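Q: I have a structure open and would like to learn how to read it. Could you take me through it step by step?

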Amino acid sequence: MIPLLFAAFAAVLVASSLLVILHRNPVTSALFLVLAFCSLAALYLLLGAEFVGMVQVIVYAGAIMVLFLFVIMYLNLGHDVEGGVQTTLRRGLGWVVGAVLVAEGAMLLARGMALGPETPQSPPPPGGNTGAIGLLLYSRYLFPFEITSLVLLVAMVGAIVITRGRTTPAGPARAAAPRAAAPRAAPPATPAAGPPGTEPAGAPAEEVHA
Amino acid sequence: MPALLANPDAQFVLWALIKIVVILFGLLGVVSYLTFAERKVAGHIQARTGPNRVGPFGLLQPIADVLKLFFKEEFIPAGANKVVFHIAPMLAVIPALVTFSVVPMGPNFTVTDLNVGLLLFLAMSSLGVYSITLAGWSSNNKYALLGGLRSSAQMISYELAMGLSTVGVLMLAGSLSLVDIVHAQQRYWFIVQQPLAFIIFLITAFAETNRAPFDLPEAEAELVAGFHTEYSSMKWGLFFLGEYANMITISSIAVTLFLGGWNGPWLPEPLKFLWYFAKLAALLFFFMWVRWTFPRLRYDQLMQLGWKVLLPLALLNVMVTAVGLWWAVGR
């Protein structure tokens, strides 16, 4: 039963992964990637790793791929743009990396290492492995775990800074010419009481408009 | 044949199929009468009678509606992406049905007691975005696209608060299995210890199901009909079905997490499932009540509420619960 299901989901996984790179339409490719993630989650479930399987769906299929799809849809990418130096470069790089990967796989197969290490066939704990993962994450791997969350936090703050940097200074930048000479110490909250010669009446109106 | 039936694998598959069929048809029946109930409730709230022509008290109205849907013309817009256009309505129904496989309806009345049941619910609700986004995009219609865009932004924003609001319950129950969570509420329901989380969960549930006052994806005054503008016939019917199935599923999860599931006084053990159905019916009525009494939020209000109110409150709730647990255990 389980080997049968495993074979079925593995076949779906391989086929959808192939279609991700072979299909011309980016949206369809992204959808096949979602299918690949879901069948991978099914494989995890069959291997008794329920937590990893569910997190695979939540994180990859539910969050990351939605954002991918968003970008593809709303940039309105139709088909791949053909021709040009970039395409040639991309093709060349693809061939090189692909050749390296195939060589690696062939070497592993030749040495008989493809099967990987044998996992111990112990029965899973009664509560599933979620508790075990949580315990390890918050005891032995606490430091890497916290570092990872810090990295994510930095990425988030960075994204906010980048997007805000593009929108907010646009207002003052347009109104900057008369204000450039104004002393920096003038509090922006009280433009009417600012030093003379800074056109206090014009600046706030510009800001409101922006 | 007897040899096949003796095979445990075959038995497992057979039982699973029977349970699936029962749940599927039960849910479809409940959905069709939920639309009837919604119209009756709406009528009552607006001081009119609601549907009362087809059959006694209008009870055959859902059947007439479904027949009408089946016989309507099926229209596919010219510039549509045909395959995605067909897949999107199916994706609206599937996640809700899958989630229902882990909902404990009574003692020994669950399709499967998965030890990551709550995660399955979160995973399926995160997949629910696809149907609306894809429907909006594949229709090749600007209103549909705008509706899909709004809906995906809304659902992604509210998913976080929803996930965090369930964390308090998880900490109290100490398990991700929904059956264990129900068992942990035998003395008192988690709504007693987690009132804030319950309110957050309920609000996000309205947003996740795209129901009023969060029905911006289909705001008819601005977007014609939103993401399903171009859908007709039974494809539109599937979106409708999906909305109600999602409503039932999310109410079931709310009952399980906060309202004690099938726990309740008086009834003997085999009839406890009636408590679950009673609570579910009350929550579903609450959904309708809210829909017909509250105005729609503006888009910026929706985002403000999600990111600046609900998410910090849910985080605060997790922290307070953690401190409370630490204090209670440490004493």
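Q: Let's start with chain B: how many helices and strands does chain B have?

A: Keep in mind that this is a predicted model. Chain B has 13 helices and 0 strands. Following the sequence, the pattern reads α-α-α-α-α-α-α-α-α-α-α-α-α.

Q: How compact is chain B for its length?

A: Compare its radius of gyration with what the globule rule gives. For chain B the radius of gyration is 21 Å, close to the 20 Å from the rule for 331 residues, so chain B is as compact as a globular protein of that length. Along the principal axes, its C-alpha atoms fill a box of roughly 65 × 60 × 40 Å. Of the 331 residues, 44% are buried.

Q: What do the contacts in chain B say about residues far apart in sequence?

A: Take the contacts between residues at least 6 apart in sequence: 78% of these join residues at least 24 apart.

Q: Let's try one residue. Where is Phe214(B), and is Phe214(B) buried or exposed?

A: Look for Phe214(B) in the loop between helix 9 (195-208) and helix 10 (220-223) of chain B. To judge burial, count the other C-beta atoms within 10 Å; 20 or more means buried. Phe214(B) has 25, so it is buried.

Q: Which residues does Phe214(B) touch?

A: Leaving out residues up to four places away in sequence, Phe214(B) touches Gln154(B), Phe206(B), Ala207(B), Leu297(B) and Leu302(B). You can also find Thr204(B), 10 residues away along the chain, with its C-alpha atom 9.2 Å from that of Phe214(B).

Q: How many residues does each chain bring to the contact between chain A and chain B?

A: Chain B brings 17 residues and chain A brings 17 residues. On the side of chain B, helix 5 and helix 6 (142-173) each supply at least two residues. Helix 5 gives the largest share, 9 residues. Sorted by class, the side of chain B has 11 nonpolar, 5 polar and 1 charged residues.

Q: How do helix 3 of chain A and helix 5 of chain B cross?

A: Two things to read are the distance between the axes and the angle. The axes of helix 3 (residues 50-74) of chain A and helix 5 (residues 117-138) of chain B come within 8 Å and cross at roughly 20°. Angles under 35 degrees count as roughly parallel, so these two helices are roughly parallel. Their crossing is left-handed. Among the residues making the contact are Ala61(A) and Gly62(A) of helix 3 and Ala123(B) and Ser126(B) of helix 5. By class, this helix contact has 15 nonpolar, 3 polar and no charged residues.

Conventions: Residues are numbered from 1 along each chain as its sequence is written. Chains are lettered from A and ligands numbered from 1 in the order in which they are written. This is a predicted model: local features need pLDDT of at least 70, side-chain atom pairs count only at pLDDT 80 or more; totals for chains, interfaces and linings use all residues. Axes are lines fitted to C-alpha atoms, for helices over the stretch in contact, and angles run from 0 to 180 degrees between N-to-C directions. Helices (H or I, at least four residues) and strands (E, at least two) are DSSP runs, numbered from the N terminus. Angles under 35 degrees count as roughly parallel, over 145 as roughly antiparallel, 65 to 115 as roughly perpendicular and the rest as oblique. A crossing is left-handed if the near helix is turned anticlockwise from the far one by less than a right angle, and right-handed if clockwise. Two residues are in contact if their C-beta atoms, placed from the backbone, lie within 7 Å. Ala, Val, Leu, Ile, Met, Phe, Trp, Tyr, Cys and Pro count as nonpolar, Asp, Glu, Lys and Arg as charged, and the others, Gly among them, as polar. The radius of gyration is taken over C-alpha atoms; the globule rule is 2.2 Å times the number of residues to the power 0.38. A residue is buried if 20 or more other C-beta atoms lie within 10 Å of its own, exposed if 12 or fewer, and partly exposed in between; C-beta atoms are placed from the backbone.
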